[in-house]
Each structure stands twice: as structure tokens, then as C-alpha cells.
Amino acid sequence: MNVVIFACQKIGIECLKFLAKRRDAEISLVVTHERAVDAIFGYASVAEYCRKAGIPFVESAHAGPELLARIRAMAPDMIFSIYYRGILPGELVHLPPRGSVNIHPSLLPDYRGPVPTAWALENGEKYFGVTIHKMDAAIDTGDILVQEKYPILEDETGYELFERAMRLGARLFKRHFPAIASGRLRARKQKGIGSYYGKKNGRA
């Protein structure tokens with residue numbers, strides 16, 4: 001299966017390592033981008049990993065017309081978004097015949113948008129989650145494939161919760177990838193109005 005991956009940070013690297021070892025997935029291209037905050041917090045570089053691993057990649061914060069044309073020519077079977085901070089256009093999302101899939105660190109439909117773990121902590125939530133869902137033209141509104149709920153630990157900091165969410169997201173992706181790729185999972189619609197929270201302190 002020919003796949004294109006939009007990925008950032010350690011969760012992106014963990015999922016790329018997993019896919020690189022599989023015989024049923026060929027990574028045609030990785031799209032990534034880094035922000036100043038990544039260096040401040042010491043987040044791992046997807047670009048550096050791809051460079052060392054020999055995986056083709058481009059650095060781009062947006063999927064513009066040139067990148068869209070390049071991906072269309074690759075004819076990917078699936079697209080995965082793994083903590084990529086840009087918004088993928090609907091034309092790209094609907095391009096692959098097996099669909100596009102995103103990993104989102106919240107219990108959708110609640111906490112759509114960037115940095116949901118930080119907002120959940122600030123709002124005093126007792127639980128958070130990780131959702132793997134189909135992508136559509138809107139933000140984090142696609143049908144749910146897999147979802148798991150976890151308690152927020154007492155005295156857990158925003159950084160600790162984010163890091164744990166990324167580890168759990170990678171674990172969930174690895175566990176369910178074969179079923180996702182083969183289409184064996186039955187997707188379900190998101191129920192309720194849900195909620196959306198934007199960037200926090202001016203950054204995602």
C-alpha cells in the first residue's frame with residue numbers, strides 16, 4: 001500500500017519507524033515542518049529522522065498547489081496525518097481511494113483543534129483521550145475509527161500530559177494499523193455538537 005504521511009514530532013517518528021518495517025506499506029513521501037517551540041522543548045525532528053533513514057520528505061507548513069500536484073502524481077492509497085499542525089485541503093483529503101486518517105489527542109467531538117490536552121487541563125477535565133478518525137474537509141469532524149479514554153493524573157503538567165498523549169497515540173496507531181489499512185474497522189459518526197478550541201498563547 002502506497003502511503004503519504006504528514007507528520008511532526010516524536011509521535012510522527014514512532015509511527016514512521018513502525019511503517020518502515022512493514023511489508024504492507026510503502027512510504028512514498030513524508031511532509032513535515034518544525035516550529036521554534038519544537039527546539040525550545042527539545043521535540044524530535046521528523047526531517048532529521050527521514051534524512052538519516054533515507055525516506056523522501058519535504059518541509060512545508062501548508063499543502064499548497066505544488067505539493068498537492070506532487071502527491072496526486074504519486075497516487076497514494078492512503079494519507080495519514082500524525083500531529084501535522086497544518087490544515088489539509090479537502091481536495092487532498094479526498095484524493096486517496098482508501099481515505100485519509102488523522103490521530104487527534106482528544107475525545108472527539110470534544111476539543112477539536114490544536115493543543116487539546118492543554119485546554120483539557122486548563123478546563124479541569126478529569127479525562128482525555130486519543131481518537132483516530134477519518135478526515136474530511138472540516139477540522140477534526142470525520143468519522144471515528146478508534147477512540148480510547150484515559151484519566152488525567154493528579155498534578156500532571158501540560159507538558160507531561162501532552163507527552164503521554166503522544167505516546168498513547170503512537171501505541172493506538174500501531175495496534176490498529178492493519179485493521180485501518182484493510183478497511184476492517186467500522187467508522188461511526190461523531191455524536192453531539194462537540195467543541196473547538198484554537199491556538200493557545202498564540203501557538204499550536
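# Exercises on strand β1, its cores and a loop

Not counting residues up to four places away in sequence, isoleucine 5 touches Leu16, Leu19, Ile27, Leu29, Val30, Val31, Phe80 and Ile82. The exercises below start from this residue, and they concern a predicted model.

**Exercise 1.** Place isoleucine 5 within the nonpolar cores, and state which helix gives the most to the largest of them.

*Solution.* Begin with the largest nonpolar core, which has 46 residues, and in which Ile5, Phe80, Ile132, Phe173 and Phe177 are those with the most contacts. Next, ask which helix gives the most to this core: it is α7 (residues 158-182), with 11 residues. Finally, note that another core, of 16 residues, lies apart from it, with Leu29, Ile71, Tyr84 and Leu92 among its members. In general terms, nonpolar side chains tend to be buried together in soluble globular proteins.

**Exercise 2.** Describe the burial of strand β1 and determine which strands pair with it, and in which sense.

*Solution.* First consider burial: β1 (residues 2-7) is mostly covered, with six of its six residues buried. Asn2, Val4 and Phe6 point one way from the strand, while Val3, Ile5 and Ala7 point the other way, and all are buried. Then turn to the pairing with β2 (residues 26-32), where five bridges join the two strands, which run parallel, and where asparagine 2 stands opposite glutamate 26. The pairing with β4 (residues 78-82) is likewise in the parallel sense, over five bridges, and here phenylalanine 6 stands opposite serine 81. As a last step, follow the chain from β1 through helix α1 (residues 9-20) to β2, for these three elements make a right-handed β-α-β unit.

**Exercise 3.** Classify the packing of helix α1 against helix α3 from the angle between their axes.

*Solution.* Two packed helices are described by the angle between their axes and the distance between the axes. For α1 and α3 (residues 46-53), the angle is about 25° and the axes are 9 Å apart. Angles under 35 degrees count as roughly parallel, and α1 and α3 are therefore roughly parallel to each other. To locate the interface, list the residues that meet: Gln9, Gly12, Ile13, Leu16, Lys17 and Ala20 in α1 meet Val46, Tyr49 and Cys50 in α3.

**Exercise 4.** Examine the loop between β5 and α6 for backbone features, and decide whether tyrosine 111 and valine 115 are buried or exposed.

*Solution.* Start with proline 109, which is placed in the loop between β5 (100-104) and α6 (116-122); the peptide bond leading to this proline from leucine 108 is cis, with omega near 15°. Proceed to tyrosine 111 in the loop between β5 and α6, whose phi is near 60°, a positive value in a residue other than glycine. Valine 115, also placed in the loop between β5 and α6, has a positive phi as well, near 40°. For the burial, the cut-off is under 20% relative accessible area: tyrosine 111 counts as buried because its relative accessibility is 9%, and valine 115, at 15%, counts as buried too.

**Exercise 5.** Identify the surroundings of histidine 133.

*Solution.* Histidine 133 is found in strand β6 (residues 127-134), and its relative accessibility of 1% is why histidine 133 counts as buried. Leaving aside neighbours within four places in sequence, its contacts include Ser100, Val101, Asn102 and His104, and also Leu108. Further contacts of histidine 133 are Asp140, Thr141, Gly142, Asp143, Ile144 and Leu145.

How values were computed: Residues numbered from 1 in each chain as written. Predicted model: local features only at pLDDT ≥ 70, side-chain atom pairs only at ≥ 80, totals over all residues. Heavy atoms only, no water. Helix = DSSP H or I, 4+ residues; strand = E, 2+ residues; numbered from the N terminus. Buried < 20%, exposed > 50% of the residue type's maximum accessible area, 1.4 Å probe, protein only. Contact = heavy atoms within 4.5 Å. Pairing = 2+ DSSP bridges. Right-handed = clockwise from strand over helix to strand, strands pointing away. Core = buried A, V, L, I, M, F, W, Y, C linked by side-chain atoms within 4.5 Å. Axes fitted to C-alpha atoms, helices over the stretch in contact; angles between N-to-C directions. Parallel < 35°, antiparallel > 145°, perpendicular 65-115°, else oblique.
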